[in-house]
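Biologist: Could you give a close account of a single part, namely the pockets and the residues that line them?

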Amino acid sequence: MKQPANPFIVNKYIAKEYFCDRDTETAFLKKQIDNGRNATIISERRLGKTGLIRHYFNNEKEADNYYLFFVDLYATNSLSEMVCLLGQEVYNTLKAQESSFVEKFIKSIASLRVGMKIDTVTGEPAFDIGIGEISSPALSLDEIFAYLDAADKPCIVAIDEFQQIMNYKEKNVEALLRTKMQQCKNINFIFSGSKRHTMMQMFQSAAKPFYQSAIVLNLQPIPLNVYTDFAVKLFEQYGKHINADTVAEVYRMYDGVTWYLQMLMNELFAMTGNDETADTDMIPDALDNIIKTQEAGYMELLSNLSIKQRELLFAIGKEGTAYGITSGRFIKKYSLGSSSSVQAAMNGLLEKDILTKTDSGYRVYDFFLAKFLQKS
């Protein structure tokens with residue numbers, strides 16, 4: 001693999017050399033799967049759930065022993081969309097591996113066969129099925145699972161943002177999926193999700209279908225000393241330097257949330273010349289550079305909010321972490337109107353994942369958006 005120009009990778013996984021730690025968590029996943037158990041990863045967004053799964057899948061031994069499939073349900077709104085994503089992932093993964101098993105896929109999935117298209121370049125079948133072509137998603141799901149259950153080696157299906165099934169338009173999807181997955185003998189599942197409360201209820205409430213169906217891992221931030229060693233090492237490998245205190249300051253700013261660490265370290269690396277040292281004085285400029293690249297998106301986001309939601313968002317952004325936001329004190333300080341309108345605005349922002357609730361109060365989910373609001 002060609003060495004990346006900047007070793008602080010964001011938004012994707014490319015190789016273990018550019019992935020920080022998670023040795024214990026990777027071993028956890030391996031232990032569960034190798035012993036026939038399902039696993040669930042729960043954490044806030046951008047802490048590294050997807051990267052952890054990709055890192056586990058990147059192991060040559062896992063690739064030799066299992067068929068590996070990954071689907072992200074974040075943007076899905078129905079069981080049909082989920083089935084479409086899963087079918088596409090199964091087909092494309094096996095086709096990329098040139099597995100003879102992929103030929104059986106076309107023959108096995110009778111309910112989707114009519115939607116298979118012919119690639120005009122290669123002349124081979126291609127999975128190009130629209131949502132409207134899935135007339136019976138439950139039946140199609142049965143066929144996909146039956147196909148994987150008959151595979152010549154075990155399968156691992158990782159489903160990211162699994163809590164999204166709770167918002168599907170169809171009724172009882174949770175119970176339907178639990179029943180179908182429980183019948184699979186050759187498939188283990190890795191579920192992951194960023195709505196902590198919802199995911200905990202799904203897998204640890206006795207009243208829920210997925211109760212005790214998977215071993216739960218609550219993902220925590222990478223320890224500061226581990227991330228510091230990782231960052232310093234990457235700088236040094238590229239003939240650059242960074243102070244441990246600089247890494248610690250960035251870590252503190254973002255509570256150790258991986259994606260924000262990587263973004264700011266990526267920018268600090270870009271700002272540092274050969275044989276130069278990145279220090280804490282560079283952090284404000286690095287942060288400004290990042291926010292400038294996000295401004296258009298943030299302005300678009302704000303334009304789609306109601307006036308009350310914008311007012312509340314700015315107020316919480318100014319506070320950093322806000323508590324008692326429906327109290328008279330907070331409302332008066334930011335001229336927010338009535339407590340009922342604040343409550344409604346708060347619920348809307350939580351639903352959109354723009355706000356998050358912590359043990360200390362409410363904060364803007366996106367740390368960079370919070371800084372943008374403070375500067376506006």
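Modeller: In what follows, Ala, Val, Leu, Ile, Met, Phe, Trp, Tyr, Cys and Pro count as nonpolar, Asp, Glu, Lys and Arg as charged, and the others, Gly among them, as polar. The model is predicted: local features need pLDDT of at least 70 and side-chain atom pairs pLDDT 80 or more, whereas totals for chains, interfaces and linings use all residues. Residues are numbered from 1 along each chain as its sequence is written, and side-chain values use heavy atoms, without hydrogens or water.

The second largest pocket (an open set of 1 Å grid points with protein on both sides within 12 Å along at least five of seven lines; lining residues have an atom within 4 Å of a point) contains about 750 Å³ of space. Its lining comprises 29 residues, and nearest its centre lie Asn11, Gly48, Thr50, Gly51 and Trp259. By class, this lining divides into 14 nonpolar, 6 polar and 9 charged residues. At least two lining residues each come from helix H2 (49–57), strand E2 (67–72) and helix H12, where helices (H or I, at least four residues) and strands (E, at least two) are DSSP runs. H2 gives the most to the second largest pocket, with 4 residues.

The largest pocket has a volume of about 1,200 Å³. Of its 41 lining residues, Leu355, Thr356, Lys357, Thr358 and Tyr365 are the closest to the centre. Two or more lining residues are given by each of helix H9 (196–204), helix H16 (339–351), strand E11 (355–357), strand E12 and helix H17. The lining of the largest pocket is made up of 15 nonpolar, 13 polar and 13 charged residues.

H17 gives the most to that lining, with 5 residues. In H17 (residues 367–375), Phe367, Phe368, Leu369, Ala370, Phe372 and Leu373 are buried, that is, under 20% relative accessible area with a 1.4 Å probe. Among the elements covering these buried residues are helix H11 (244–253), helix H12 (258–271), helix H13 (283–303), helix H14 (307–319) and strand E12 (362–364). H12 thus appears both in this cover and in the lining of the second largest pocket. At the N-terminal end of H17, aspartate 366 acts as a cap, with a side-chain oxygen 2.8 Å from the backbone nitrogen of phenylalanine 368.

As for enclosed space, the structure holds 1 cavity of 30 Å³ or more, a cavity being a set of points where a 1.4 Å probe fits but cannot get out. Asn38, Arg178, Met181, Phe191, Phe210 and Ser213 line the largest cavity, which contains about 30 Å³ of space. Its lining has 3 nonpolar, 2 polar and 1 charged residues.

Terms used:
Buried means under 20% relative accessible area, exposed over 50%, partly exposed in between (1.4 Å probe, protein chains only). Contact means heavy atoms within 4.5 Å. A polar contact is a pair of N or O atoms within 3.5 Å; within protein, one must be able to donate a hydrogen and the other to accept it, and residues adjacent in sequence count only if both atoms are side-chain atoms. Grid points are joined across faces, edges and corners, and a volume is the space filled by probe spheres set on the points.
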